[in-house]
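Please look over the structure shown here. A short report on selected local features is wanted, with the criteria behind each term.

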Amino acid sequence: MASDMGTLVQLLEATLDHRQHKQAEIALKTEEKKPEFSLLLLNIVASGSLPLNTRLSGALCFKNFIKFNWVDEEGTYKLAENEVMTIKKELIGLMISVPPSIQAQLGETISVIADSDFWTRWDTLVDDLVSRLTLDNAKVNIGVLEVAHSIFKRWRPLFASDDLYTEINHVLSKFGEPYIQLLASTDRQIEANKNNREALIQHVEVMNLLVKLFYDLSSQDLPPIFEDNLGDVTTLLHKYLTYENPLLATDDDSESGPLEFVKAGICEVMTLYMHKYEDAFGDLCKPFITSAWSLLTTIGPETKFDILVSKALHFLTAVAGLDRHAQNFNNEEILGQVVEKVILPNVSLRGSDIEQFEDEPIEYIRRDLEGSDADTRRRAATDFLRKLLEKFERLVTDVVGRYITHYLAAFTRDPSSEWKSKDTAVYLFSAIAAKGVITATHGVKTTNTLVDVVDFFQNNIANHLIADTGVEPILKVDAIKFLYTFRSQLTKTQWSAAFPPLVKNLASSNYVVYTYASIAVERVLFLTNDSGEHIFGKDEVTPFAKDLLELLFQLIEKDPAPEKIQENEFLMRCVMRVLIVIKDSILPITNIVLQHLISITDIIGRNPSNPRFYYYHFESLGALVRYAAPSQPEKLENDLYPPFAGILQNDVQEFMPYVFQLFAALLEARPHGPLSEFYKALVAPVLMPSLWESRGNVPALARLLSSIIPRSAADIVANNQVEPILGIFQKLMSGKARTELYGFDVLEAVVTSCEVSAIQQYFPTILTIIFTRLNNNAPEKFKQRFVRFYHLVASRDQSGLGADFFIQNSDTVQDGVYVPIYLTIILPSTQQLARPLERKLAVISLTKTLADSQAFAVKYVKGWGKTCEALLKLLENPPMPVTADDVVVDVDVDDLSFGVGFTALNTCKKIPRDEWPEVTDVKLWVGSYLKGADARQAGAIAGYVNERLSPEAKVVLVSYMR
C-alpha cells in the first residue's frame, strides 16, 4: 500500500525533534519501501502551504533516498520506470521554484542522478535547462544555473577520458552560446539595476553562478567558444573584479557579500587559466595582476574579505610560479613592498583571530592546522611567500629576515604589549624556513639552508614552551606548533630535552594550548628515524603513560555532555597513539583505560556527532584489545560485551561496523575453546539478513562470522545454521565486486571448520555460484581469491577434502568443467599470488595433488606434468616464514571517508592465518612429502617423474626428493 502524505509530513516533522528522531527515522525506512514514496516526498517539498523546515526535511530525505535507491551497482534503475521519468521531468522546475535552502538539497540530488544518468540517459537535460533561461528573470536563472553547476562541477577533479570529453562537448554544443549571451545580458541587468538593491543582489548572484560555471566548463580543457570570445569575456570578468557598489556591501564585518564571492570566483578562474591556459591567456592576464595587487594592498582586515584575499593570493602565487611573470618580483625593493603591503597584513594576528582563539578554540585549531583545507589569509599569504622563496631563495630570506629581526626586537623592548610582534616573527620564520611539501607524518622534511631552525627555537621560542606563567597563550601555542611543524629537524637528544616540557603543556588550563600539545605529542610519538624506528618507543613512553593517559581522559571527560566529550578529536587521537606505542605495557593499567573508554562509549553512543573522534576512540579500543586481550580474554569479553551489545540493541548505526570488528578481534585473541555465552547469543542476530543490508556492515560482519564459525562449528551444524550461513555467502556473491571477496572469508571459515559430511550436500551449489561469477567477466582479485579457496580445499585431503573432492563436485556441476578452469585460471593465477602464506598454501596444495590425487595420477596425465611445473616455478621463489607483524599502519584519517561505508580499524586488523604452521621450510617439506608418497605407492611418484616431466624439471624435482 502506498504511503499517504499526512503520515509522511508527521514523520518528517518528528525527525526534527531529538526526542522522536530515532523512531521517526525507523518509520521512514518502512515507508520508503512503499511505491511512489519519492514522488510523495517531492509533493511535500513543492507544497508552499507546509512549513519551510518540513519541506527542507523532505528535501533531505529525498536526497538520501535517491542516493541509495536510484540505481544498483550495474547502473539499473531500482525504482519503477514511471517514477524515474516523473522525477527527471519535475525536478528541474521544482528546483527553480523553491527557496535557496531547499535548492541546495535538490541540487545535490540532481548531481547524484547525473552521476549515473547524465548525459546518455538524460540527454534532454541541457535542452531543458537552456529553454528555461531568461534575459532578465534572475530568480529563474539562479535556479537553472544552480542545477547546471551541480552537474558540471563534477568534472573538476576528474581525470581526462574520451567519455568525459564527449560529455563536455555535448554540453558545450547546447549550452555554450546561451552561456555567452547570458553573461552579456546579466552584465546589462546589473547596470540597469545599479540603484535597485534587491534586484541588483539577485543579478549579481546570477553573475556569481556564471563565474562558477566558467570554471566548470574550463576545468578540463579550454572550450573553443571561450577561446573565440576570450577578449570580451576577460574584459567583462575584469570589470567585476574591480566593480564597486555600496548597495552590495554588508553591514556585518564577518559576512561576505555577493560581490566578494564574485570577485573571489574570478580570481579562482584566473588561477586556473594561469596554470592551464597561459599560452592562450597571454597578455590578457596583465590587468588582472595589477588589479589583484591593488585589491590586496587596499582591502581591509575584516573577515568578510578573507575569501577574496585568499583567492587573490592564490592567483598571485600562480603568477609567481611562471618564470616570465616571476621576474617582476626579482628585486629587493619590490619584494620589500610585497612583504610590507601583502604578506604582513595577512599573516599578522587580527582581533577576529584572537576572538576565535578565545571563544571558538576547536574551530581555531582546525582552521590553523597545517594541512587543513580552510582558506585562511595566513595560509594563502604563506603559499605566496613560499612560491617567491622557491624562485629567489636568498633575496626573499634576506628581505623577510630583516622583518623577523625587527619584530623580535620590538617584543624584546616591550614583551607585554608587543607579544603580537613575536607571533608575527615566529610565523614569518616558519614560512621561510620550510621547503617542499609539509607532510602529515613528518612535518617539514626539508628546510631552507640559509636559516637554522634549531638555533632559532633555542634562542627565541624554547623559553615560551618551558615557562609556567607570564606567557601569552598564543605564544605558547606558537612554541608548540613550531616543534610540531619542524619535528623531523630535531635529533633524538634534542627531542629528549624538548619532550617533557611539551607533555607538561597538556596540564595547561587553556583549551588551544593543551589541544596543540596533544597534537604535537601524538605526532612525535608517531615519528620515526631514517631506519623506520620510532624516536620514542615503548620503553621511553611506558614510565609516564599512566599519568599521560589519565590527564588526556580528564580533558576529554571534563564536560559530560555527549557533544562536548566528542568535540576534540585531537585528544582522543593522542590517547590512541599512546596505547599503540606502549603495546603490552598497557597490561598493568588495562582496567583504568578500559573503564574510561567504556564510559565514553556509553555517553557518545547517545548522540554520535564527530566521526573523527569516534574513529580514534574505537582505534583506542582496538589497541587495547590487540595488546591486552591475549592475556586477559575473559576480562575484556565480560567488560566490553555490555556496552557493545547496547550499541547493537539501540541500533547505533555509526558504531556498528566498529563494534563488529572489535567483537571479531576479541574472538581472534582466543582462537580455541568453546564460545562464551555472550558470543553464542550473537550467532542468531549476526545471521539476520537485515544486518547485511547495510554495505558498511559487511566487511566487519564477515570478519565476525568468520571468527565465530571455527569456535562454534559443532553447534552451528547441530542448530542447522550451515544453510543460512551459506545463504549469506550467496548474497555476498551477488553483491559483485563490493562484497564478493568477503563471501570467500565466510565460505573458507565453513569449509575449514565443519566436517565434510555437513557441507558435502551444499558443495555443488557453492561451486555453481563461483563458476557462474568466473564466467561473468570476473575481476583479477576475484580470480585470485577463488584460486586461494581452491588451494585451501585441495590441501585438506586429510579432512576428507582434497583435489579429487573438488574435481568430483565440479563434475556434478558440469561434466569436464574442471579442466579449463584449472588450466586457464588456477595454474596461471597461482603464480600471481603475492602473499607468502598464500604461496605456501599453493605449494602444499600442488604437492598433495601430485602425491595423492587419483584423478591426476590416472585421468589427467598431462595435467600432472603441468602441475609439477607450476610447483617448481613457485619454489624458485619460495615463500619465507612470516614474522609477527607488530607495526600498526597509520592511515591519515583525512583520507578516510567517514559516515559512509566502512572504516577499517588498523589497531586490530585481522592477522592472516597460516593454515600450515608446522611447515616451515617448504622446499624440504615438498621433497619429504613426495618421497613419503613414493614409498607408500611403491615408487609410483618416481615413475610419473620419469614419464611425465621434461629432463630439466626432472633434475630439479629429484634434487628436492633426495
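The report below covers an internal cavity, a strand pair, several residues and some backbone geometry.

**Basis**

This is a predicted model, so local features need pLDDT of at least 70 and side-chain atom pairs count only at pLDDT 80 or more, while totals for chains, interfaces and linings use all residues. Residues are numbered from 1 along each chain as its sequence is written, and side-chain values use heavy atoms, with hydrogens and water left out. Helices (H or I, at least four residues) and strands (E, at least two) are DSSP runs, numbered from the N terminus.

**Cavities**

How many cavities of 30 Å³ or more does a search of the whole structure find? It finds four. The largest cavity has a volume of about 450 Å³. Its lining draws two or more residues from each of helix 18 (332-347), helix 20 (361-368), helix 21 (377-391), helix 23 (419-433) and helix 25 (473-485). In total, 26 residues line the largest cavity. Nearest its centre lie Asp 368, Arg 378, Arg 379, Tyr 427 and Lys 481. By class, the lining has 12 charged, eight nonpolar and six polar residues.

The criteria are as follows. A cavity is a set of points, on a 1 Å grid over the protein atoms alone, where a 1.4 Å probe fits but cannot get out; lining residues have an atom within 4 Å of a point. Grid points are joined across faces, edges and corners, and a volume is the space filled by probe spheres set on the points. Ala, Val, Leu, Ile, Met, Phe, Trp, Tyr, Cys and Pro count as nonpolar, Asp, Glu, Lys and Arg as charged, and the others, Gly among them, as polar.

**The strand pair**

Strand 1 (residues 434-439) and strand 2 (residues 443-447) pair in the antiparallel sense over four bridges. Two strands pair if DSSP finds at least two bridges between them. The two strands form a hairpin, with three residues between them. Lys 435 has Thr 446 in strand 2 as its bridge partner. For Ile 438, the bridge partner in strand 2 is Val 444.

**Buried residues**

Buried means under 20% relative accessible area, exposed over 50%, and partly exposed in between (1.4 Å probe, protein chains only). Contact means heavy atoms within 4.5 Å. The table lists four buried residues by place and relative accessible area.

| Residue | Place | Relative accessible area |
|---|---|---|
| Ile 113 | helix 6 | 0% |
| His 325 | helix 17 (residues 323-326) | 4% |
| His 464 | helix 24 (residues 453-466) | 8% |
| Leu 594 | helix 31 | 0% |

Contacts below leave out neighbours up to four places away in sequence.

His 464 touches Phe 411, Lys 422, Val 471, Leu 475, Lys 476 and Ala 479. With Lys 422 there is also a polar contact of 2.8 Å between the side chains. A polar contact is a pair of N or O atoms within 3.5 Å; within protein, one must be able to donate a hydrogen and the other to accept it, and residues adjacent in sequence count only if both atoms are side-chain atoms.

His 325 is in contact with Met 274, Glu 278, Cys 285, Ile 289 and Val 319.

Ile 113 contacts Ile 66, Trp 70, Ile 87, Leu 91, Phe 118 and Trp 122. Ile 113 and Trp 70 are 43 residues apart along the chain, and their C-alpha atoms are separated by 7.2 Å.

Leu 594 is in contact with Leu 624, Lys 635, Asp 639 and Leu 640. Leu 594 and Tyr 960 are 366 residues apart in sequence and 53 Å apart in space, C-alpha to C-alpha.

**Backbone geometry in loops**

Which residues does a cis peptide bond join? The bond links Phe 118 and Trp 119, with omega about 10 degrees. Trp 119 lies in the loop between helix 6 (100-117) and helix 7 (125-132).

Lys 583 has phi near 50 degrees, a positive value in a residue other than glycine. Lys 583 sits in the loop between helix 30 (569-582) and helix 31 (590-604). Its relative accessibility is 22%, so Lys 583 counts as partly exposed.

Asn 777 has phi near 55 degrees, again positive in a residue other than glycine. Its loop runs between helix 40 (763-775) and helix 41 (780-794). Asn 777 counts as exposed because its relative accessibility is 73%.

Notes
On a 1 Å grid over the protein atoms alone, a cavity is a set of points where a 1.4 Å probe fits but cannot get out, and a pocket is an open set with protein on both sides within 12 Å along at least five of seven lines; lining residues have an atom within 4 Å of a point.
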